[in-house]
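Work through the exercises below with the structure in view. Try each task before reading its solution.

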Amino acid sequence: MKALILLISLVAVVPCARAQQIGLIANTDGRKTISLDGQWRTIIDPYETGYYDYRYQPSADGYFKDAKPKTKSDLIEYDFDTSESLKVPGDWNTQQERLLFYEGTIWYKKSFDYQRKENTRLFVYFGAANYIADVYLNGEKLGRHEGGFTPFNFEITKLVRDTGNSLIVKVDNKRRRDAVPTLITDWWNYGGLTRQVKLVETPATFVQDYFIQLQKGSRERISGWVKLNGSKLNQKVTVGIPEARISKSFTTDANGSAQITFDADLTLWSPDNPKLYDVVIEAETDQVQDQIGFRTIETRGTEILLNGRPIFLRGVCIHEEAPFRGGRAYSREDALTLLNWAKELGVNFVRLAHYPHNEFMLREADRLGIMVWSEIPVYWTILWENPATLENAQNQLREMITRDKNRAAVIIWSMANETPLSNARLSFLKKLIDHARSLDGTRLISAAMERHYLNDTTTQMIDDPLGEYVDVFGCNEYVGWYDGLPEKADRVEWKMKYQKPLIMTEFGAEAPYGNHGDPLTRWTEEYQENAYQHQVSMLKRIPFLRGTCPWILMDFRSPRRPLPGIQDFHNRKGLISDQGEKKKAFFVMQRYYQELRGALPK
Ligand code: GCU
C-alpha cells in the first residue's frame, strides 16, 4: 500500500529523464539544508517567449538554457544576470506596483556553488510555487509541479556542479478552468516562489517519510510507519522518545518500509497543554528528529472528542495573507502574528482557508496548542468530470497530508469549500475522501458545505448528500449580510439531516476599520457588530453545534472586491484590519469565547 502511495505521489511532479524523482521528503526541518532565499534574477514573460517558439511549440533553446553570447555576433535576446530581481520567498504581486494584477509567467534564476560530499544526495526543495513551476538545473529539466500551496522537491545529485550552478524556475500563475482552484476565487492570485527554497542534503539511503501518531481510538498505542529511500533499504530502524525512555526497533522490508506499533504512556497534546515530544528516527545510515504531539480526535454522535473528552471548537478562519505588509504570508513571524491575534480572540481552533498554509503555521499551531482545519483549494465550481482535475486535487491532498500528518494540531482534513450539488461533484469528493482516509485514518474528514431554507423562510436545512461521508459537517452561512439584515438571525432555526457534529465554518459581515455609523448602515463597524451579536445568539440556539469559525480573522486582498474607499480590492470581513486594528465585532466574538471557556457568566 505505502509503495503504491509513493508511486502515485510521483504523478504530481512530472519528472524528466535524467532526474529520477522520488516523491516528497516529509520533514526537511531536521536535515542539513542550504537556503536559496534572497534575491533571484527574474524575467517577466507574458508571452512565454522563453518557453515557446513563434509556432507556439516548446523551444529547445528556451530561457532555461541561461545562454550567453559566445561571440560578438551571437544573438541572445535575454540575460538573467542583467535583469531585475525579486525576493524569494515572496509573491511578485506586492513587490512591484506594475505586477499587482500580473497573471502569467515569470522566470526566476538563482546561481549557487555546492561541494558534493561522498555518499550523500542532494535535493532542491520548494515550500510552494503558485501555480505551475517548471524547474531546470544547468539547462536540464528536473520536472514540473502543479498546485500553488504544497511543497515539492527534485533530486539533483547527478546534475549539480561544484561551481556556477544555474537553477531556473518558470512560474506561471495563469488561472485555468480545469485547475484547482479554478478561474474564480475570493482571494488574490499571488504568483511566484511564495515560500522558502532550499537545498536538502541526505545520506545515500535516508529516512524519506514517517507517520508516528496514536492509533485511532487509542490513547496509549502508537502506530505508523517509516519509509527509507536509497539503495540500502533493508535496515534496522529505531524509533526513540528519549523523554519517555522509549526506544523501539523495527526492520524495514525490501521496499524500505517498516510498520511500527508500540505502547507508550505519554502526556497527551491538548490546547491547555500542547505537549510535544522529541522523536528520533534512527536508521543505520541516517537519523531524523521531529517534535511530535500525541492526541486522539474522534466523534460520537454530535460530539467531537479530543483525548476522549467532548470539546467545542472556538475558531476563526485565516487566509495566508501577511499582516501589515500584505501579500502572501510565508514566515514564522507572519504565522505568530496571525495565531497570537487568534489567541487574543480566545480560540482553540483555526480554519486555514482555503488551501494548505505554510509549514510555520502548522508547527506554531502545534506549539501554541491551536487545533487546525486544513483544506485543499477545491473551491466553488471545479471541473468535476475532468480526470486530470481529480488527479490534481488528489495530489494536492496527498502533499498536504504528507507534510502535516505528524502535526498533532491538525485534527480535520477538509476536501472542499462551497461546492454546488451534483452527482459528478459527489463522486469527485467521495474519491477525495477515500483517498484521505487511505493516507491517514486517524483524523476527521470534512468539507465546508452550504445549506438551504426549507419551503418556509426561517428554517435552515443542512442535508448536503456529502454529509453521509464526512465525520464532521462544516457549513457556511451569512445570515445578516448576504442573507437579510442582522436581526433575521433571531428568527432562524437550524435542522440537520445527520447525527453528526456541526461546525459553522463561515459567518460574518463587512466593514473597514474606523468606518462608523448606525447598526443598520452597511459597511460600518456598528453594522458588523450588530450582525455578530445576532449571529452569536442564533449560534447558541443550535443544539448540535460543536464549533464556530467566523469569516475571517483579518481583512485580505481580493480581486472580487473593487468598492472604492471601502474595499479597494480587499475583503473587509476581518475582525481585525490588515494593519492589526481590532473592529467592534472582534470584542463580540471574544466575549462569546470567554463565555464558552467559562471565563464569563453565560
Ligand atoms: C464565501 C467563501 C469565502 C469568501 C466569503 C465572502 O463563503 O467561502 O472564500 O471570501 O464567502 O464572501 O466573504
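A residue is buried when its relative accessible area is under 20%, exposed when it is over 50%, and partly exposed in between. The model used here is predicted.

**Exercise 1. Which residues of α3 are buried, and how does the helix begin and end?**

Step 1. Locate the helix. α3 covers residues 359–368.

Step 2. Apply the cut-off. Eight of the 10 residues are buried, so helix α3 is mostly covered.

Step 3. Name them. The buried residues are Glu359, Phe360, Met361, Leu362, Arg363, Glu364, Ala365 and Asp366.

Step 4. Look at the start. A side-chain oxygen of asparagine 358 comes within 3.1 Å of the backbone nitrogen of phenylalanine 360.

Step 5. Look past the end. Glycine 369 follows α3 and has a positive phi, near 75°.

**Exercise 2. Describe how α2 packs on α3.**

Step 1. Choose the descriptors. Two packed helices are described by the angle between their axes and the distance between the axes.

Step 2. Read them off. The axes of α2 (residues 332–345) and α3 come within 9 Å and cross at roughly 45°.

Step 3. Classify the angle. It makes α2 oblique to α3.

Step 4. Give the hand. The crossing of α2 and α3 is right-handed.

Step 5. List the residues that meet. α2 supplies Arg332, Ala335, Leu336, Leu338, Leu339, Asn340 and Lys343. α3 supplies Phe360, Met361, Glu364, Ala365, Arg367 and Leu368.

Step 6. Sort them. The contact of α2 with α3 has eight nonpolar, one polar and four charged residues.

**Exercise 3. Do the same for α4 and α5.**

Step 1. Take distance and angle. The axes of α4 (residues 387–404) and α5 (residues 423–439) come within 10 Å and cross at roughly 30°.

Step 2. Classify. Angles under 35 degrees count as roughly parallel, so α4 is roughly parallel to α5.

Step 3. Give the hand. α4 passes α5 in a right-handed crossing.

Step 4. List the contact. On α4 there are Thr389, Leu390, Ala393, Gln394, Leu397, Arg398 and Ile401. On α5 there are Phe428, Lys431, Leu432, His435, Ala436 and Leu439.

Step 5. Sort. Eight residues of the contact of α4 with α5 are nonpolar, three are polar and two are charged.

**Exercise 4. Where are the cis peptide bonds from valine 88 and from asparagine 130?**

Step 1. Recall the background. Most peptide bonds are trans.

Step 2. Take valine 88. A cis bond joins valine 88 to proline 89, with omega about -5°. Proline 89 sits in the loop between β4 (85–88) and β5 (105–112).

Step 3. Take asparagine 130. Its bond to tyrosine 131 is cis, with omega near 20°. Tyrosine 131 lies in the loop between β6 (120–126) and β7 (132–137).

**Exercise 5. Asparagine 138 and tryptophan 523 have positive phi values: is each buried or exposed, or in between?**

Step 1. Recall the background. Most residues other than glycine have a negative phi.

Step 2. Take asparagine 138. Its phi is about 50°, and it lies in the loop between β7 and β8 (140–146). With a relative accessible area of 17%, asparagine 138 is buried.

Step 3. Take tryptophan 523. Its phi is near 70°, and its place is the loop between β32 (502–506) and α6 (525–539). At 22% relative accessibility, tryptophan 523 is partly exposed.

Key: Residues numbered from 1 in each chain as written. Predicted model: local features only at pLDDT ≥ 70, side-chain atom pairs only at ≥ 80, totals over all residues. Heavy atoms only, no water. Helix = DSSP H or I, 4+ residues; strand = E, 2+ residues; numbered from the N terminus. Buried < 20%, exposed > 50% of the residue type's maximum accessible area, 1.4 Å probe, protein only. Polar contact = N/O pair within 3.5 Å; in protein donor to acceptor, adjacent residues only side chain to side chain. Axes fitted to C-alpha atoms, helices over the stretch in contact; angles between N-to-C directions. Parallel < 35°, antiparallel > 145°, perpendicular 65-115°, else oblique. Left-handed = near helix turned anticlockwise from the far one by under 90°. Contact = heavy atoms within 4.5 Å. Nonpolar A, V, L, I, M, F, W, Y, C, P; charged D, E, K, R; others polar.
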